[in-house]
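Colleague: Hi! Could you take me through one part of this model in some detail, the region where its domains come together?

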Amino acid sequence: MRLRFFFIPLIAISLLLGCQAPKPQAKYVFLFIGDGMGSSHVNLAQIYSDSVLSDTAGINFTRFPVASSSTTFAANRYVTCSAAAGTALSTGSKTSINTIGLNANHTDTLYSIAKRFKEQGRKVAVLTSVSIDHATPAAFYAHAGSRSSYYDIARFIFKSNYDFFASGGFLDPFNEKGDSNSVSIYELGKINGYSFTSSLSAVDSLVQVGAKSIIYSAPNPAPSSTLQYEIDRTTSDISLADITRKAIEVVNNPNGFFIMVEGGKIDWAAHDNDGATVVHDVRAFSKAVDVAVEFYKKHPTETLILVTADHETGGLSIGNRSNKYDIHPQILSSQKASKERLHKLIVDFKANNPKASFDEMLSFLEPYTGFGKSITLSSDETAALRKAYEEVFRSKKTSGEKTTYSETDPISKLVIQIINENAGIGWTSGSHTGEPVPVYAIGAGQELFIPLLDNTDIPKKIVKAAGLSW
Ligand SMILES: [Zn+2]
């Protein structure tokens, strides 16, 4: 009898203690944002990795223990943009289209989790494959009523005190869109004690001499100050995985860190309805996540890796009207250049060979498209290409039609369309869609990211997983 009395409270106390046992906290936090990366973008890259490349590792983050999904709508539109969605992911608040880090009617600033991490003693890095002043990275350090005020956005970098920024560069560092007498972003940076470099080894030297904040811009950037598309990247060009690895080296410290990594050109390729380029950029993004996974394996109870997207772009589907139930992902492997690069190649080919025949143009295209070799064109496709050739070679125009993030011409536009149609890829939009986006989590606090989420839940849960105050 006495024994039982003693035993019951003991169970109760140990249960209570069990409940109060401190949960592992995320000292090291990675937030990966695939811009425009819907579930189909991930799945297409997975299918391609598996069936064309026999890459069994494929898109590793799809095997994270927690997989969920998030809604993305903005305060004033069901189909969001990167500014409103980036702000939701960085601050936990909905805002209006094109707004960065402000509330919907621009009367108040919103508080980014990156700032929260910095102010609570963690180091912070913001990385992207596009320019550092673009909407998604900007949402983690800036406040602006218009996402295209690139110079004003970049100036906020110098108020952030974040430790490391890495990207393809700046879009308007000399304020050419505004007051041309402005002090350049580079000068302002120096005045504020920030160091600029385009060399990864120079980043190491700057860390060694105790540089306050380092801003790395890739050498040999692609148009619009971005990293090269993965499909166009040469071995000497910097990848998203390279800058992720460097960021870990720069911000790793006993108090922990927050690293945001954006795969920004998945969106750009999807705006171009360019399936092969999407696949390669999702794979590059996945390789950057793998770098974080290497770190996680060394600190599994103290690291959280979250992978998500800001919105879906293109209305991508696996399967289309012309192929019905068949898809042929191997056709995508015939494409050796992005639509953007193909356009430039065609412009140069026309400049050097203004009298080129239709057959000469087809032979020129073959190494980049597989046309006439791995892809046999139908008579309708050949006729359509001949028409595009006549439009391009009979016109005096050297530049082409503007798309959201690049330029195109009737030939490159049609070539990419033919490849996608034959591969069985469908596109319903050249813009974003309101589709929910995937969420994958591994590590300390992973269980917080289920069930279905809204994008505004994500930063709140990250802060909770990290044991910081909101
Ligand atoms: Zn977009």
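Colleague: To get our bearings, into which domains is the chain divided, and which residues belong to each?

Modeller: Happy to! Please keep in mind that this is a predicted model, in which local features need pLDDT of at least 70 and side-chain atom pairs count only at pLDDT 80 or more, while totals for chains, interfaces and linings use all residues. Numbering starts from 1 along each chain as its sequence is written.

There are two parts to your answer: domain 1 covers 28-317 + 431-465, and domain 2 covers 328-423 (bounds from an automatic or database domain assignment). Their C-alpha centres are 32 Å apart. Domain 1 brings 19 residues to the contact and domain 2 brings 18 (contact: C-beta atoms, placed from the backbone, within 7 Å). On the domain 1 side, α2 (39-51), α11 (265-271) and α12 each give two or more residues (helices, H or I, of at least four residues and strands, E, of at least two are DSSP runs numbered from the N terminus). The biggest share of that side comes from α12, with four residues.

Helix α12 (residues 275-298) also matters for the largest nonpolar core, giving eleven residues, the most of any contributor. This core has 129 residues (buried Ala, Val, Leu, Ile, Met, Phe, Trp, Tyr and Cys joined through C-beta atoms within 7 Å). It lies between domain 1 and domain 2, because both give residues to it. The members touching the most others are Ala114, Ala125, Val126, Ile259, Ile305 and Leu306. Beyond its neighbours within four places in sequence, Leu306 contacts Phe30, Leu31, Phe32, Ala441, Phe449 and Ile462. As for Val126, its bridge partner in β7 is Met260. Strands β3 (residues 123-128) and β7 (residues 257-263) pair in the parallel sense over six bridges (pairing takes at least two DSSP bridges).

A residue of helix α13 (residues 339-352), Lys339, is worth a look too. Lys339 is buried, because 28 other C-beta atoms lie within 10 Å (buried: 20 or more; exposed: 12 or fewer; partly exposed in between; C-beta atoms placed from the backbone). Leaving out residues up to four places away in sequence, Lys339 touches Asp272, Asp274, Thr277, Thr408, Ser412 and Ile416. By contrast, its C-alpha atom is separated by 38 Å from that of Asn161, 178 residues away along the chain.

Technical notes. Two residues are in contact if their C-beta atoms, placed from the backbone, lie within 7 Å.
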